[in-house]
Amino acid sequence: MRSRKSGLEKKLRNKYPQLLDIGGDTCHHAHNAAKAFCKPFYMYVEKLAIDMHNDFEWSPDLRAVLSNICDVLNIKCLLVIFLINGLSAPERANLINEALRYTHDTGVDVVSLTFDGTSSNIAAANELGANITANNLVNFFPHPVTSNPIYVILDACHMLKLVRNCLASKGSLYDGENLVNWKYITELGKLQRLQAATKLRLRHVQWYRERNKVKVAAQVLSSSAADALHH
């Protein structure tokens with residue numbers, strides 16, 4: 001609309017120079033102003049707005065759904081929702097301790113904590129007293145009230161996808177003794193077109209098209225695929 005060279009305003013001014021001013025579309029001006037403001041921040045402002053929208057939109061709905069499930073099953077369920085997106089590891093650890101104190105006050109005995117294997121979650125578990133590392137693994141932390149062990153369980157489905165994504169995106173991994181190369185998975189997927197021995201096929205090679213499907217990741221890392229690679 002307002003391009004300096006070929007915009008509608010420029011063309012109108014060239015043809016009708018007697019025009020004093022053209023206001024333009026207010027919404028378009030607001031959009032351009034917001035776009036110019038957010039440009040130095042890349043996608044961070046947009047991501048923040050989306051996260052805030054999702055938190056406020058879905059959290060009450062999820063709580064209502066879980067409450068309905070508890071009513072149908074005739075069980076008591078304590079529902080406390082913390083909005084943790086963007087929080088640091090110490091802040092997440094503090095919220096986890098608060099949640100454990102709340103549940104303890106209601107008589108609920110928490111024995112484990114399950115979460116996705118993101119770096120922020122693992123850092124929060126380490127802040128609580130666990131040590132989620134390859135060396136000197138400690139898979140529990142003390143309860144803030146009873147000091148009983150709370151065991152940390154990484155979500156198996158998410159970890160399968162993370163391992164597959166890491167191997168596929170990096171191309172190869174070194175375990176200290178052996179080189180694990182993604183190209184063998186690719187070649188096996190091309191070879192097993194008839195699916196005679198394994199379930200690997202083109203969809204497993206092009207994993208990024210279905211990156212959120214656990215079944216695809218599990219089939220890549222299955223024992224049948226490993227046996228086929230050995231032979």
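**A small sheet and its core**

Hi everyone. Let's start with the sheet: three strands make an open sheet with mixed pairing, and their order is β1-β3-β2. Keep in mind that this is a predicted model.

Which strands stand at the edges? They are β1, residues 112-115, and β2, residues 140-142. Each has a single partner strand, so one side of each is left without a neighbour in the sheet. On average, neighbouring strands here are turned by 25 degrees against each other, direction ignored.

Now look at β1 beside β3, residues 149-154: these two pair in the parallel sense, over four bridges. If you want a spot to click on, find Leu-113, which stands opposite Val-152 in β3.

Next, helix α5, residues 119-128, packs on this sheet and touches β1, β2 and β3. The direction of α5 makes about 160 degrees with that of β1.

That brings us to the largest nonpolar core, with 12 residues in all, among them Leu-100, Phe-115, Ile-122, Ala-125, Phe-141 and Val-152. As a general point, nonpolar side chains tend to be buried together in soluble globular proteins. Which elements give two or more residues to this core? Those are α4 (89-105), α5 and β3. The most comes from α5, with three residues.

Let's zoom in on one of the core residues, Ala-125. Leaving aside neighbours within four places in sequence, Ala-125 is in contact with Phe-115, Ala-130, Ile-132 and Val-152.

Finally, apart from that core lies another one, of nine residues, including Leu-167, Trp-182, Leu-200 and Ala-225. Thanks for listening!

Key: Residues are numbered from 1 along each chain as its sequence is written. This is a predicted model: local features need pLDDT of at least 70, side-chain atom pairs count only at pLDDT 80 or more; totals for chains, interfaces and linings use all residues. Side-chain values use heavy atoms; hydrogens and water are left out. Two strands pair if DSSP finds at least two bridges between them. Axes are lines fitted to C-alpha atoms, for helices over the stretch in contact, and angles run from 0 to 180 degrees between N-to-C directions. Contact means heavy atoms within 4.5 Å. A nonpolar core is a set of buried Ala, Val, Leu, Ile, Met, Phe, Trp, Tyr and Cys residues joined through side-chain atoms within 4.5 Å. Buried means under 20% relative accessible area, exposed over 50%, partly exposed in between (1.4 Å probe, protein chains only).
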